[in-house]
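Open your viewer and get ready to click along. Each stop below tells you what to select and what you will find there.

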Amino acid sequence: MPDFRSTNRLLDVAVPAPLRKTFQYLPTDGCANLKPGCRIRVPFGKQKLVGIFIGFSQTPSIDEAKLRSIIEIIDQEPVLSTALLQLCNWASGYYHHPIGDVLVNALPVSLRKGVPAHNPPQELTITSRGKSADLAKLGRAPKQLELLQTLKQSTLVKDEIRDQNFKPHIVTALLKKKFVTWRNRDLQIPSHDNVIRNYNNISPSHWQHSAIKLVDRPGTFLLHGITGSGKTEVYLRAIESVLSKSKQALVLVPEIGLTPQTLSRFTDRFDVKIEIMHSGLTNKERLTAWQNAASGTTRIIIGTRSAVFTPLHNPGLLVVDEEHDGSFKQQDGFRYSARDLAVMRGQLEKIPVVLGSATPSLESLHNCQLGKYKLITLPERTAGAKKETYQLLNLRNRESYGGISTELIKQIGDELGKGNQVLVFINRRGFAPVLYCPDCQWVAKCRRCDARLTYHLEQRSLICHHCGIRTSIFDKCGECQSFQLLPLGMGTERVEETLSSIFPTYPVYRIDRDSTRRKGALENVVQKVQSGQPTILVGTQMLAKGHHFPNVTLVAMLDIDAGFFSSDYKAMEKTGQLILQVGGRAGREAKQGKVVLQTQFADQPMLQQLIKDGYSVFAETILTERKLNSLPPFSFHCVFRAESPQKQTAMQFLEDVSRESLSSASVEMLGPIAPVMEKRAGRFRAQLLFSSQSRNSLHQVVDEKIKAAQHSRLLNRVRWSVDVDPADLT
Ligand code: ADP
Ligand code: ZN
Ligand code: ZN
């Protein structure tokens with residue numbers, strides 16, 4: 001074993017353990033030239049783990065005698081580029097998450113287990129001995145002769161050998177004679193002429209044109225374009241420019257399964273290898289996709305949240321489409337924002353990052369005001385389509401049928417009569433959110449959560465939307481045994497049923513998580529709607545996700561009121577975004593679109609402002625309010641959450657965390673408190689909020705509080721987490 005004093009070097013290794021530090025190991029032979037980002041196998045307690053080499057250090061941080069040697073070096077070349085290592089390192093600090101776990105998150109599962117990172121295809125090639133061999137001697141082995149002759153022309157990979165009917169023993173015989181040998185086939189990065197398949201007769205509008213020009217250099221750009229303004233076309237043109245420079249583009253989207261149309265626009269446009277990265281890939285598929293991106297073979301990578309860590313051989317552009325979407329925030333384990341990591345990655349790689357949305361997040365708008373991002377707007381719809389109009393339909397004192405006002409029913413009938421399509425939005429799946437006993441006021445509740453059970457007619461079940469538990473539908477009251485139970489309120493199933501009975505001659509399609517569970521079910525409905533026949537579409541916010549239905553002229557939103565009275569300070573922002581995203585499905589081509597919002601609060605000033613003055617003014621009002629109340633983005637939040645099967649334990653744990661006074665006067669502490677839904681999935685929850693206008697002070701306090709948590713006597717009796725920039729405080 002080499003003496004580390006002679007090399008004067010120790011290896012700092014990040015290992016996948018829930019500890020917020022790296023570990024030191026003694027080097028073995030071959031470590032002198034080890035590059036950061038390479039995997040090595042190390043002993044860890046009684047286990048052997050795959051860790052990532054971070055760098056060398058000189059002084060042991062523990063007793064020298066206790067240092068152990070690494071077991072083996074796995075990679076000669078790093079699996080994480082310098083930029084990705086820096087990104088992970090930054091993320092570990094920013095999100096206060098163990099570096100080992102951050103790095104593990106950045107790699108495909110197979111690589112975490114230590115399989116070889118690169119498997120270039122092997123090809124059979126003729127050796128110099130083979131070239132000068134006396135072929136007459138092979139006369140009695142005609143197949144060997146034939147293979148050798150073939151190899152004189154070109155090398156062959158395994159599949160080609162098999163396809164040409166050479167049996168394995170022929171190859172073996174030639175290998176034994178050293179006439180042939182296996183070698184790595186060089187990966188050919190495809191040439192870059194003719195990347196365009198088809199422009200589909202689209203030439204950029206002047207708005208699009210200036211946007212495309214602007215994003216052609218490093219920096220972060222917020223592309224605020226109303227729905228149907230041609231943001232995707234801007235991405236496509238920017239990508240074209242990147243491809244022409246032999247570079248790659250990485251596009252992050254909220255949910256892949258929901259937007260088959262968006263994907264086909266990329267494949268229709270470009271004649272290059274495009275890879276899709278999403279959670280449905282098998283480990284093997286994921287590794288291949290990772291390898292192709294790392295080698296540069298794949299030119300465009302489209303993926304969800306975790307694809308932000310995809311290695312790029314020659315990065316040129318990052319796009320985050322629908323940047324306001326909540327799904328970019330990872331909600332468990334390593335809680336990161338893929339949008340924010342994309343921005344940071346763009347800075348590290350010195351490439352442009354384009355954040356696109358019709359309803360940008362308030363953080364991003366604020367970053368534009370601070371001059372950190374550059375705001376680019378697309379204020380008009382393309383190709384002659386007009387912006388949709390909005391109407392508020394006051395539900396108070398108005399006649400309705402099954403929760404749908406008669407005025408709205410009339411409008412739906414009119415549109416169908418004109419041969420148009422109608423989209424009806426209700427943000428709740430199932431038949432009804434409440435099952436109620438009128439005799440004793442009992443309601444069906446989840447026994448594992450502080451929540452009501454949702455009545456699902458199709459599945460004949462009561463389902464808890466928080467923990468997923470399901471029971472068969474009760475036929476009598478759990479309290480007084482009455483048989484008169486009533487489903488109250490509406491969900492997509494009920495709206496589907498109501499509309500089918502009112503409009504029996506028109507097809508009604510439902511789009512929600514239940515109806516699209518089967519593979520291909522969503523594509524099926526999307527196809528039917530695109531045929532253009534008059535139809536009614538009923539659905540949840542799945543409908544808001546980037547679909548392009550040219551024949552939809554009326555969008556009705558049945559229940560938007562909850563957002564105005566939520567305890568979550570972000571609810572108003574989210575409601576506004578949802579209204580415009582769903583509304584944006586109306587009138588996307590030649591026909592004028594209209595959006596009808598059913599509400600009990602038609603005079604709600606924010607709602608009025610949203611539809612009269614548009615998103616920018618609406619957002620500005622909320623920002624002013626947030627500033628007044630020192631809420632994000634004018635301050636920064638970090639929330640500690642804890643949960644435990646025993647009541648009070650989580651609360652007591654966070655009390656331990658909160659006990660010592662804060663080291664910084666500029667940080668405020670709130671709690672611990674129980675969230676509105678204290679019990680979820682059989683666990684009692686508590687949370688403790690830290691807020692500050694100084695990011696540095698917040699980081700410092702959070703570090704101290706993590707230490708306090710680690711010292712709590714209740715540490716092993718709770719699940720706990722730290723969430724920086726939490727998506728919500730519920
Ligand atoms: P967004 O992503 O902003 O909602 P899209 O990029 O989906 O908008 O564009 C909406 C529609 O307009 C698409 O069908 C697209 O093909 C078309 N389109 C985009 N740009 C143009 C253009 N310059 N001329 C004609 N049609 C366009
Ligand atoms: Zn539940
Ligand atoms: Zn009852």
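Which residues come nearest to ligand 1? Select ligand 1 and look for S203, Q208, G228, K231 and R265, which come nearest of the 18 residues around it. A residue is counted as near a molecule if one of its heavy atoms lies within 4 Å of it.

Before you go further, a word on what you are viewing: this is a predicted model, in which local features need pLDDT of at least 70 and side-chain atom pairs count only at pLDDT 80 or more, while totals for chains, interfaces and linings use all residues. Residues are numbered from 1 along each chain as its sequence is written, chains are lettered from A and ligands numbered from 1 in the order in which they are written, and side-chain values use heavy atoms, with hydrogens and water left out.

**Stop 1: around ligand 1**

Stay with ligand 1 and show its polar contacts (pairs of N or O atoms within 3.5 Å; within protein, one must be able to donate a hydrogen and the other to accept it, and residues adjacent in sequence count only if both atoms are side-chain atoms). Pick S203: a polar backbone atom of this residue is 2.9 Å from a nitrogen atom of the ligand. Next pick G228, where a backbone N or O atom lies 2.8 Å from an oxygen atom of ligand 1. Then try R588, which has a polar side-chain atom 3.5 Å from an oxygen atom of ligand 1. On its own, ligand 1 has 560 Å² of accessible area, and the protein covers 80% of it. Accessible areas come from the Shrake-Rupley method with a 1.4 Å probe, and for residues only the protein chains shown count as cover.

Now colour the shell by class. You should find four nonpolar, 10 polar and four charged residues around ligand 1. Here Ala, Val, Leu, Ile, Met, Phe, Trp, Tyr, Cys and Pro count as nonpolar, Asp, Glu, Lys and Arg as charged, and the others, Gly among them, as polar. Select residues 231-244 to see helix α10, which gives the largest share of this shell, three residues. Helices (H or I, at least four residues) and strands (E, at least two) are DSSP runs, numbered from the N terminus.

**Stop 2: the zinc ion that is ligand 2**

Which protein atoms are the donors of this zinc ion? Select C446, C449, C464 and C467: their SG atoms lie 2.2 to 2.4 Å from the zinc ion (ligand 2). Donors are N, O and S atoms within 2.8 Å of the metal (3.2 Å for Na, K and Ca), and water is not among the atoms, so sites may look incomplete. Along the chain, the donors of ligand 2 are spaced C-x2-C-x14-C-x2-C. The angles among the four donor atoms run from 106 to 112°, and the site of ligand 2 is tetrahedral. Four donors count as tetrahedral if all angles lie between 85 and 135 degrees.

Buried or exposed, what is C449? C449 is buried, at 4% relative accessibility, and C446 is buried as well, at 6%. Buried means under 20% relative accessible area, exposed over 50%, and partly exposed in between (1.4 Å probe, protein chains only).

**Stop 3: the zinc ion that is ligand 3**

Move on to ligand 3, a zinc ion whose protein donors are the SG atoms of C437, C440, C477 and C480, 2.2 to 2.4 Å away. Their spacing along the chain is C-x2-C-x36-C-x2-C. The arrangement is tetrahedral because the four donor atoms subtend angles of 102 to 115°. Compare two of these donors: C477 is buried at 2% relative accessibility, whereas C480 is partly exposed at 33%.

**Stop 4: S482**

Select S482, in the loop between β23 (470-472) and β24 (486-488). This residue is buried, at 9% relative accessibility. The S482 side chain makes a polar contact of 2.8 Å with the side chain of D439 and reaches the backbone nitrogen of Q484 at 3.0 Å.

**Stop 5: backbone details**

Q441 has a positive phi, near 70°, though it is not glycine. Look for Q441 in the loop between β20 (434-436) and β21 (454-456), where it is exposed at 52% relative accessibility. R460, also not a glycine, has a positive phi of about 45°.

Finish with two cis peptide bonds. One joins P632 and P633, with omega about 5°, and P633 sits in the loop between α20 (615-628) and β29 (636-644). The other runs from G671 to P672, with omega near 10°, and P672 lies in strand β30 (residues 667-673).

Technical notes:
Four donors count as tetrahedral if all angles lie between 85 and 135 degrees; four count as square planar and six as octahedral if opposite donors are over 155 degrees apart and all others between 65 and 115; anything else is irregular.
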